[in-house]
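Dear colleague,

Please find the structure below, together with its sequence. I would be grateful if you would read the notes beneath with the model open.

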Amino acid sequence: MMAAKRSVGPIPPFPIDIDRTMFGAYLSGFVDGEGCFSLGLDHNRHSINKTPLVRLTISLRSDDLAILNLIHSYFQCGNVQCENIVTMGASLIGNRKPKAAFVITRVQDLFETVVPHFEKFPLFAKKKRDFEIWKDAVDFGC
């Protein structure tokens with residue numbers, strides 16, 4: 001179970017000592033390996049109507065939280081979520097580590113920030129096709 005790490009307050013600015021253009025190219029490659037462009041339906045059991053959902057998610061082990069926070073500051077939208085270790089209980093058996101994720105679900109943020117990013121810094125691996133399909137859904141205004 002993930003619990004929101006940030007629920008209020010401003011997102012820290014992107015560090016001035018990191019070149020945004022170089023980081024943008026790095027980020028696209030990072031998302032090609034670790035990101036997920038997802039489409040789905042909100043399955044609210046209390047409603048007959050299903051709401052379309054679009055999101056960008058990058059999931060990592062929580063010991064990589066610093067890069068998720070840096071991505072958050074780069075995009076200036078979305079949120080970082082961390083698993084709540086107390087409620088995980090027995091799931092920590094073995095070598096399972098707590099996870100963290102950077103998630104953007106707001107369609108306006110996806111349309112105005114994420115889509116232009118990946119148009120400027122295109123993907124080159126398997127997620128390129130996923131992004132093109134996902135982008136059509138975002139453009140459609142899911």
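The notes below cover helix α1 and then the salt bridges.

This is a predicted model, in which local features need pLDDT of at least 70 and side-chain atom pairs count only at pLDDT 80 or more, while totals for chains, interfaces and linings use all residues. Residues are numbered from 1 along each chain as its sequence is written, and side-chain values use heavy atoms, without hydrogens or water.

Helices are DSSP runs (H or I) of at least four residues, and strands are runs (E) of at least two, numbered from the N terminus. Helix α1 comprises the 15 residues 20-34; its end C-alpha atoms lie 20 Å apart, in agreement with the 21 Å expected at 1.5 Å a residue (1.5 Å times one less than the number of residues). At its start, a side-chain oxygen of Asp19 comes to within 2.9 Å of the backbone nitrogen of Thr21. Among the buried residues of α1 are Phe23, Leu27, Phe30 and Val31 (buried is under 20% relative accessible area, exposed over 50%, partly exposed in between, with a 1.4 Å probe and protein chains only).

The whole structure contains 3 salt bridges (a side-chain nitrogen of Lys or Arg within 4 Å of a carboxyl oxygen of Asp or Glu):

- Asp63 pairs with Arg61 at 2.5 Å; Asp63 is exposed at 53%.
- Asp109 pairs with Arg106 at 2.8 Å; Asp109 is buried at 14%.
- Glu119 pairs with Lys135 at 2.9 Å. Glu119 lies in α4 and Lys135 in α5, so this pair ties together parts 16 residues apart in sequence.

With kind regards

Key: A polar contact is a pair of N or O atoms within 3.5 Å; within protein, one must be able to donate a hydrogen and the other to accept it, and residues adjacent in sequence count only if both atoms are side-chain atoms.
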